[in-house]
Amino acid sequence: MEFKDYYQTLGVSRDATADEIKKAYRKLARKYHPDVSKEANAEARMQEVNEANAVLSDPEKRVAYDQLGRGYRPGQEFRPPPNWDAGFEFSGRGASPGETADFSDFFAEMFGRMGGARGFSGGQRTQFQARGEDHQAKVLLDIEDAFSGATRQISLRAPRTDARGHVTLETRTLNVRIPQGVHAGQIIRLAGQGAPGSGGAPAGDLLLEVQFRPHPRFRAQARDLHLTLPVAPWEAALGAVVQVDLPQGGVNVRIPEGTQSGRQMRVRGKGIPGASPGDLLLDIKVVLPPANTAKARELYETMAREMSFDPRAVDAGASGPRSQGRA
Amino acid sequence: MRDDEILTGSPMEDSWVTLEQLAAACTVEPAWLQRHIDDGLIPQAESVAGVWCFSSTSIVRARRMRQLERDFDAVPELAALVADLLEELDELRERVGSTDQR
């Protein structure tokens, strides 16, 4: 396990005041905020910054870290001596257990995954009842999976405390059935599959956030399914019934006469299924056949000659007298 | 649990849980969550007979607001305003992403 220099992570000196640490943290939190940052690896950097702040902004953890880390260089192999925490008392302020779950092995080894809230003093752990923390993970699905449901194998790294009190990370694999009807951003709960509770209290939950892989045809917005539907000019002009292929079979859609490119049509209840199924939203795109044969050119020339149509007229949908064939 | 056992998950929207369980899912303290619901800063929270149902969006919103309040000492109303903007940003990014894809 590598030693982490939290002072270096926050860019402050070892004798920085609490105010200086707070300022440095805020500056970096803004820079690497995963919702807005354009920096590469913003999420990973934010995690490092959060971890450093969780230790340095907590006076108890900072004292322990300073004492234990004296003489270590960043990246140097690190192993805390047995019972190193004797004489320290952690009150559990700062980051919540859920937030510390993704911190490094180095943090886990020093402070455990409870973010200091495990309530021990002088190396003697106090027995208490506490529900296990929730674990969070992301699960990547295809949009088709939302129609049929899916089973995914998920590997999770979970902290375990060994007989000597050291925290190590163990990997466990779960087979999880994702129900039909899920949408991107939705959180799927697996009750009791989080961290075990203490003192007989129940385990936490496993919370899986659904994400969809990009799809070449579909885009899902909540349960609504968006699709660009190409139609031929005569289908758009004269009206037609066209078949739209969906993950679970097709649906026939009537294109009204005079439909223009860019028009959106809604087919109720044909989006992602569920108690309240989403809608299918079709963005109509009129596609011109190429004029790459003599016959095709002749047809276009006939239209140009015989139809008085100016697409640049104010009312683009109406035919006007100003255009007379080709320019 | 056997290796071949298949666990079935349920969407948060279909899960009725205690305030404590909900707070754990949002990685916030129960008192914080109750206060923000009472103040109307987290919409789409439904409670019946002491159990709660939250949308996934509300869970993400609560996590974001807690982080903003903690990281920047933001007052709850400001954190809620930023959360509103981030939710709008999510939607716009999704639209842009799908346009780029075409």
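In chain A, helices α2(A) and α3(A) lie roughly antiparallel to each other. That's a handy place to start, and keep in mind that everything here comes from a predicted model. From that helix pair we'll move on to the sheets of chain A, and then to the place where chain A meets chain B.

**A helix pair in chain A**

- Helix α2(A) spans residues 18-31 and helix α3(A) spans residues 42-56; their axes come within 10 Å and cross at roughly 165°.
- Since angles over 145 degrees count as roughly antiparallel, that crossing is why the two helices get the label.
- The crossing of α2(A) past α3(A) is left-handed.
- Who's touching whom? On the α2(A) side you'll find A:Ile21, A:Tyr25, A:Leu28 and A:Ala29, and they meet A:Val49, A:Asn53 and A:Leu56 of α3(A).
- Sort that contact by class and you get six nonpolar residues, one polar and no charged ones.
- A UniProt annotation from an unreviewed entry, "domain: J", covers residues 5-69 of chain A.
- Over residues 5-69, chain A is 68% helix and 0% strand, and the end C-alpha atoms sit 8 Å apart.

**A sheet within chain A**

- Look for an open sheet of four strands in chain A, ordered β8-β9-β13-β12, with mixed pairing.
- The edges belong to β8 (218-221) and β12 (264-267) of chain A; each has a single partner strand, so one side of each is left without a neighbour in the sheet.
- Going from one strand to the next, the twist averages 30°.
- Strand β8(A) runs antiparallel to β9(A) (residues 224-231), and four bridges join the two.
- For one of the partners, find A:Gln221: its bridge partner in β9(A) is A:Asp224.

**A sheet shared by both chains**

- Another open sheet of four strands takes in both chains, in the order β3(A)-β7(A)-β6(A)-β2(B), again with mixed pairing.
- Its edge strands are β3 (135-141) of chain A and β2 of chain B, each pairing on one side only.
- Inside the sheet, β6(A) and β7(A) (residues 206-212) run antiparallel, joined by four bridges.
- A:Arg189 has A:Leu207 as its bridge partner in β7(A).
- Here's the link across the chains: β6(A), residues 187-190, pairs with β2(B) in the antiparallel sense over two bridges.
- At that link, A:Ile188 stands opposite B:Pro11 of β2(B).

**Where the two chains touch**

- How many residues does each chain bring to the contact? Chain A brings 33 residues and chain B brings 25 residues.
- On the side of chain B that touches chain A, β1 (6-8), β2 (10-11), α1 (19-26), α3 (56-72) and α4 (76-101) of chain B each supply at least two residues.
- That side of chain B splits into 10 nonpolar, 10 polar and five charged residues.

**A helix pair in chain B**

- The axes of α1(B) and α2(B), the latter covering residues 30-38, come within 8 Å and cross at roughly 95°.
- Angles of 65 to 115 degrees count as roughly perpendicular, so α1(B) is roughly perpendicular to α2(B).
- From α1(B), the contact uses B:Leu19, B:Glu20, B:Leu22, B:Ala23 and B:Cys26, while α2(B) offers B:Pro30, B:Leu33 and B:Gln34.
- By class, this contact has six nonpolar residues, one polar and one charged.

Conventions:
Residues numbered from 1 in each chain as written. Chains lettered and ligands numbered in written order. Predicted model: local features only at pLDDT ≥ 70, side-chain atom pairs only at ≥ 80, totals over all residues. Contact = placed C-beta atoms within 7 Å. Nonpolar A, V, L, I, M, F, W, Y, C, P; charged D, E, K, R; others polar. Pairing = 2+ DSSP bridges. Axes fitted to C-alpha atoms, helices over the stretch in contact; angles between N-to-C directions. Parallel < 35°, antiparallel > 145°, perpendicular 65-115°, else oblique. Left-handed = near helix turned anticlockwise from the far one by under 90°. UniProt positions renumbered as here; feature names shortened; annotations may be inferred.
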